[in-house]
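Visitor: I should like a close look at a single part of this model. Please take one residue and its surroundings, and then follow the chain onward from there.

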Amino acid sequence: MKKFISILVAVMLVASVVVTASAYTIWPCDDPDIVVESKTAAEAIAAYEAEFSKTVDTNRYYFQMPDGQSGMRGAEDNLAPSWYNDYTKGAGVYWWGSAPAACDAWAGYQAAMEDDAQHIFYADVPKAVVAFIWNNGIDGTMDPEYPLYKLACQTVDVACEYPDPGEYNTMPEGADSFDHCIFIVNPDEVSINPLSEKQTCGGTWYFYYVNGCYGMYAEDSSKFKSVEENCCNPDHFDANGNHVGFVPVVPTEPETDAPVPTEPETEAPVPTEPETEDPVVGIRGDYDMDKSITIVDATRAQNIIAGLFTGADPEYLKAVDADGDGELTIMDATRIQNFLAELMNMDGSKPYVPAN
């Protein structure tokens, strides 16, 4: 199966549901008109297994929720404020495309507490899930006038299949999966979506060790010595052992100089006649032009809408318009996500019919 990679500037837009106070223990699920006790991701999966007599293989993912007191760069500009307020005391996890899917209403399932002092949570998520979102358990609705609108915080779509070697400079050796890895928000990747005016947070993965420490190498790696030596964020902690913020990490291995060619390179021949461009041809919904439909296309559509990607030919965008209405809107990204989740065909028809 082709690997899906989410670009860390995507924004997942979901249905509007009003949330009550104490969102850590009571979230909206299943029916937006009914408030019920929340479930942890593990409880939801256990209930699914019991009901359908199926076993769901899971990975455990960790998350450090920004507390606004950790000296994060950007806090003074309101770009990295606390995710905590009077309406939430814990992290939520929302995923799609795999059973049991997160409940239809935002904010999904409650994450379990790993380390209260360091604001670290975890969630057991089906291995089949290729991308998900961390949030602070608040549905601010899509109404900018709603009092909780800007109190809702979330990450971008977090890709979670597996890291290839070198794909993340924080995990240079890669891994078979992100099982027992931790997602850390990077203040340099916190942005305000120009359409929704909501905050979204990018970040990166590390191997999670213990007590708030995380590093670049798995514990079974030859480069792992001990938690104390391999913890790449010791300067994230103050004298009392409290976490004090994200510090970007780059590999410490020396760079090698590029080999010097033994013979001078020859210039490419100059064509005698000007080349003509191929006519604009594209697959509906294929915004990254790789001739296939993946979550990357939904992400690319969102980036174009937000003005974060400007390199696409307008005629090409018109040719691959996902919902066929002649305009590029958030509905095109939603159409792609519904197609990938096998909820509808790219032309909007149902039921979903796999390609031959």
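Guide: In this predicted model, a polar atom of the D286 side chain lies 3.2 Å from the backbone nitrogen of D290. D286 itself is placed in the loop between α2 (227-230) and α3. The residue is buried yet has no salt bridge. K291 carries the nearest side chain of opposite charge, and that side chain is 6.5 Å away; a salt bridge would require a side-chain nitrogen of Lys or Arg within 4 Å of a carboxyl oxygen of Asp or Glu, so the pair does not qualify. When neighbours within four places in sequence are left aside, the contacts of D286 are K291, S292, I293, D297, Y316 and V320.

Two of these contacts lead to the helices that follow. D297, in contact with D286, is one of the buried residues of α3. Y316, also in contact with D286, falls within the range of α4 (314-319).

Helix α3 spans residues 295-305, and 10 of its 11 residues are buried, so the helix is largely enclosed by the rest of the structure. Besides D297, the buried set comprises I295, V296, A298, T299, R300, A301, Q302, N303 and I304. These buried residues pack against α4 and also against α5 (330-340). Just after α3, G307 adopts a positive phi of about 75°.

In summary, D286 is buried without a salt bridge, its side chain lies 3.2 Å from the backbone nitrogen of D290, and its contacts include D297, a buried residue of α3.

How values were computed. Residues numbered from 1 in each chain as written. Predicted model: local features only at pLDDT ≥ 70, side-chain atom pairs only at ≥ 80, totals over all residues. Heavy atoms only, no water. Buried < 20%, exposed > 50% of the residue type's maximum accessible area, 1.4 Å probe, protein only. Helix = DSSP H or I, 4+ residues; strand = E, 2+ residues; numbered from the N terminus. Contact = heavy atoms within 4.5 Å. Lys, Arg positive; Asp, Glu negative; His and termini not counted. Polar contact = N/O pair within 3.5 Å; in protein donor to acceptor, adjacent residues only side chain to side chain.
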